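Please open the structure in your viewer and keep the sequence panel visible. The tour proceeds by selections, each followed by a description of what is found there.

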Amino acid sequence: MINKVFLSLLIITANILANPQNDKFGSKIFVKCDENKDGFLNQEEYLTMSSKRFNRMDLDKDRDVEIIEIQNTRLFKVMPHIASSWFIKNDLDRNKIVTSQEMEIISNNKFQFMDKNNDKKLSSYEWQTNNPSFNK
(Lines give C-alpha, C1' and ligand atoms only; values in the text may rest on other atoms or scores of the structure.)
Protein backbone atom coordinates (compact mmCIF):
# COMPACT_ATOMS: atom_id res chain seq x y z
CA MET A 1 0.00 0.00 0.00
CA ILE A 2 2.74 2.48 0.91
CA ASN A 3 4.54 1.67 -2.34
CA LYS A 4 1.43 2.49 -4.39
CA VAL A 5 0.95 5.82 -2.60
CA PHE A 6 4.63 6.66 -3.03
CA LEU A 7 4.50 5.70 -6.70
CA SER A 8 1.40 7.86 -7.27
CA LEU A 9 3.04 10.86 -5.59
CA LEU A 10 6.18 10.31 -7.64
CA ILE A 11 4.19 10.25 -10.90
CA ILE A 12 2.26 13.40 -9.95
CA THR A 13 5.48 15.20 -8.97
CA ALA A 14 7.19 14.17 -12.20
CA ASN A 15 4.23 15.46 -14.21
CA ILE A 16 4.30 18.80 -12.38
CA LEU A 17 8.05 19.13 -12.92
CA ALA A 18 7.75 18.19 -16.60
CA ASN A 19 4.80 20.54 -17.16
CA PRO A 20 5.10 23.32 -14.56
CA GLN A 21 2.47 25.48 -16.23
CA ASN A 22 -0.17 22.87 -16.89
CA ASP A 23 -2.69 24.59 -14.63
CA LYS A 24 -2.32 28.02 -16.22
CA PHE A 25 -4.78 29.87 -18.44
CA GLY A 26 -2.72 29.11 -21.56
CA SER A 27 -2.88 25.36 -21.10
CA LYS A 28 -6.66 25.55 -20.74
CA ILE A 29 -6.83 27.36 -24.08
CA PHE A 30 -4.51 24.75 -25.59
CA VAL A 31 -6.78 21.88 -24.50
CA LYS A 32 -9.88 23.70 -25.71
CA CYS A 33 -8.35 24.38 -29.14
CA ASP A 34 -7.10 20.81 -29.60
CA GLU A 35 -10.23 19.79 -31.51
CA ASN A 36 -9.09 16.28 -32.41
CA LYS A 37 -7.80 15.70 -28.84
CA ASP A 38 -4.45 14.30 -29.96
CA GLY A 39 -2.49 16.44 -27.48
CA PHE A 40 -1.15 18.77 -30.18
CA LEU A 41 -2.34 21.81 -32.11
CA ASN A 42 -2.01 21.45 -35.85
CA GLN A 43 -1.95 24.52 -38.07
CA GLU A 44 -5.65 24.28 -38.89
CA GLU A 45 -6.60 24.12 -35.19
CA TYR A 46 -4.32 27.07 -34.46
CA LEU A 47 -5.80 29.12 -37.32
CA THR A 48 -9.33 28.23 -36.19
CA MET A 49 -8.48 29.54 -32.71
CA SER A 50 -7.06 32.74 -34.19
CA SER A 51 -10.12 33.21 -36.42
CA LYS A 52 -12.50 32.75 -33.49
CA ARG A 53 -10.58 35.34 -31.47
CA PHE A 54 -10.63 37.70 -34.48
CA ASN A 55 -14.38 37.21 -34.96
CA ARG A 56 -15.05 38.03 -31.29
CA MET A 57 -13.17 41.30 -31.75
CA ASP A 58 -14.85 42.15 -35.06
CA LEU A 59 -17.89 43.69 -33.38
CA ASP A 60 -19.51 45.04 -36.55
CA LYS A 61 -18.75 41.81 -38.48
CA ASP A 62 -17.18 43.56 -41.47
CA ARG A 63 -14.06 41.28 -41.45
CA ASP A 64 -11.91 44.15 -40.12
CA VAL A 65 -11.06 45.04 -36.54
CA GLU A 66 -10.66 48.75 -35.92
CA ILE A 67 -9.05 50.26 -32.84
CA ILE A 68 -12.44 51.31 -31.44
CA GLU A 69 -13.65 47.72 -31.72
CA ILE A 70 -10.69 46.31 -29.83
CA GLN A 71 -11.26 48.83 -27.05
CA ASN A 72 -14.83 47.60 -26.65
CA THR A 73 -14.00 43.92 -26.33
CA ARG A 74 -14.06 41.81 -23.20
CA LEU A 75 -10.41 40.97 -23.82
CA PHE A 76 -9.47 44.66 -23.66
CA LYS A 77 -11.44 45.13 -20.46
CA VAL A 78 -9.81 42.09 -18.81
CA MET A 79 -6.31 42.18 -20.34
CA PRO A 80 -5.79 45.53 -22.09
CA HIS A 81 -2.07 44.96 -22.62
CA ILE A 82 -2.69 41.68 -24.46
CA ALA A 83 -5.47 43.18 -26.59
CA SER A 84 -3.38 46.23 -27.47
CA SER A 85 -0.34 44.10 -28.24
CA TRP A 86 -2.45 41.84 -30.47
CA PHE A 87 -3.74 44.85 -32.40
CA ILE A 88 -0.29 46.38 -32.91
CA LYS A 89 1.28 43.09 -34.01
CA ASN A 90 -1.53 42.27 -36.44
CA ASP A 91 -1.88 45.70 -38.07
CA LEU A 92 0.80 44.98 -40.65
CA ASP A 93 0.25 48.06 -42.81
CA ARG A 94 -0.20 50.34 -39.77
CA ASN A 95 -3.51 51.77 -41.01
CA LYS A 96 -5.20 51.23 -37.63
CA ILE A 97 -7.30 48.37 -39.05
CA VAL A 98 -6.57 44.66 -38.72
CA THR A 99 -8.01 42.73 -41.64
CA SER A 100 -8.77 39.03 -41.59
CA GLN A 101 -5.98 38.60 -44.16
CA GLU A 102 -3.45 40.29 -41.85
CA MET A 103 -4.59 38.11 -38.97
CA GLU A 104 -4.17 34.98 -41.08
CA ILE A 105 -0.65 35.96 -42.20
CA ILE A 106 0.44 36.68 -38.63
CA SER A 107 -1.17 33.50 -37.29
CA ASN A 108 0.53 31.31 -39.89
CA ASN A 109 3.89 33.00 -39.22
CA LYS A 110 3.48 32.61 -35.46
CA PHE A 111 2.57 28.94 -35.82
CA GLN A 112 5.71 28.31 -37.86
CA PHE A 113 7.80 30.23 -35.31
CA MET A 114 6.40 28.23 -32.38
CA ASP A 115 6.83 24.89 -34.16
CA LYS A 116 10.46 24.60 -33.06
CA ASN A 117 10.91 21.00 -34.25
CA ASN A 118 9.10 21.62 -37.59
CA ASP A 119 6.75 18.68 -37.16
CA LYS A 120 3.70 20.73 -38.30
CA LYS A 121 2.11 20.59 -34.85
CA LEU A 122 2.52 22.39 -31.55
CA SER A 123 3.14 20.48 -28.37
CA SER A 124 1.88 21.88 -25.09
CA TYR A 125 5.48 22.82 -24.29
CA GLU A 126 5.94 24.72 -27.59
CA TRP A 127 2.63 26.47 -27.00
CA GLN A 128 3.32 27.50 -23.42
CA THR A 129 6.91 28.65 -23.92
CA ASN A 130 5.84 30.89 -26.81
CA ASN A 131 2.76 32.41 -25.15
CA PRO A 132 4.12 33.84 -21.91
CA SER A 133 1.28 36.34 -21.53
CA PHE A 134 -1.18 33.44 -21.16
CA ASN A 135 0.93 31.68 -18.56
CA LYS A 136 1.31 34.16 -15.71
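Select K116 and F113: the charged end of K116 sits over the ring of F113, at 3.6 Å from the ring centre. Please bear in mind throughout that this is a predicted model. A second arrangement of this kind appears on selecting K121 and F40, where the charged end of K121 sits over the ring of F40, 4.2 Å from its centre.

Keep K116 and F113 displayed and add N130. Which residues does N130 contact, once its neighbours within four places in sequence are left aside? They are K110, F113, M114 and K116, so the two residues of the opening selection appear again in this list. N130 belongs to the segment that comes after helix α8, whose residues are 124-129. Is N130 buried or exposed? Its relative accessibility is 14%, and because buried means under 20%, N130 counts as buried. Now show the backbone of E126 as well: its backbone oxygen is 2.7 Å from a polar atom of the N130 side chain.

The next stop concerns aromatic rings. The protein has four aromatic pairs. Select Y46 and F111, which form a tilted pair, with 5.8 Å from centre to centre and 50° between the planes. This pair links distant parts of the chain, for Y46 is in helix α3 (residues 43-57) and F111 is in helix α7 (residues 100-114), 65 residues apart. Both rings belong to buried residues: Y46 has 3% relative accessibility, and F111 has a relative accessible area of 1%.

Leave Y46 selected and add W127. How are the rings of Y46 and W127 arranged? They form an edge-to-face pair, 6.3 Å centre to centre, with 75° between the planes. Because Y46 lies in helix α3 and W127 in helix α8, the pair ties together parts that are 81 residues apart in sequence. W127 counts as buried, with a relative accessibility of 1%. To complete the selection, add F30: ring pairs link F30, Y46, F111 and W127 into a cluster.

Proceed to T99, which lies in strand β3, residues 97-99. Its relative accessibility is 19%; buried means under 20%, and therefore T99 counts as buried. When residues up to four places away in sequence are not counted, T99 touches F54, R63 and D64. Display these residues together with T99 to view the contacts.

Finally, clear the selections and colour the whole protein by secondary structure. How many helices and strands are there? There are eight helices and four strands. Followed along the sequence, they are arranged in the pattern α-α-β-α-β-α-α-α-β-α-β-α. Of the 136 residues, 32% count as buried; N130, Y46 and T99 are examples from the stops above. A surface display may then be switched on: the accessible surface comes to about 9000 Å², and carbon and sulfur atoms account for 61% of it. As for contacts between residues at least 6 apart in sequence, 46% join residues that are at least 24 apart.

Methods: Residues numbered from 1 in each chain as written. Predicted model: local features only at pLDDT ≥ 70, side-chain atom pairs only at ≥ 80, totals over all residues. Heavy atoms only, no water. Helix = DSSP H or I, 4+ residues; strand = E, 2+ residues; numbered from the N terminus. Buried < 20%, exposed > 50% of the residue type's maximum accessible area, 1.4 Å probe, protein only. Polar contact = N/O pair within 3.5 Å; in protein donor to acceptor, adjacent residues only side chain to side chain. Contact = heavy atoms within 4.5 Å. Areas by Shrake-Rupley, 256 points an atom, 1.4 Å probe, with all protein chains shown as cover. Phe/Tyr/Trp six-rings, centres within 6.5 Å; stacked < 30°, edge-to-face > 60°. Lys NZ or Arg CZ within 6 Å of the ring centre and 35° of its normal.
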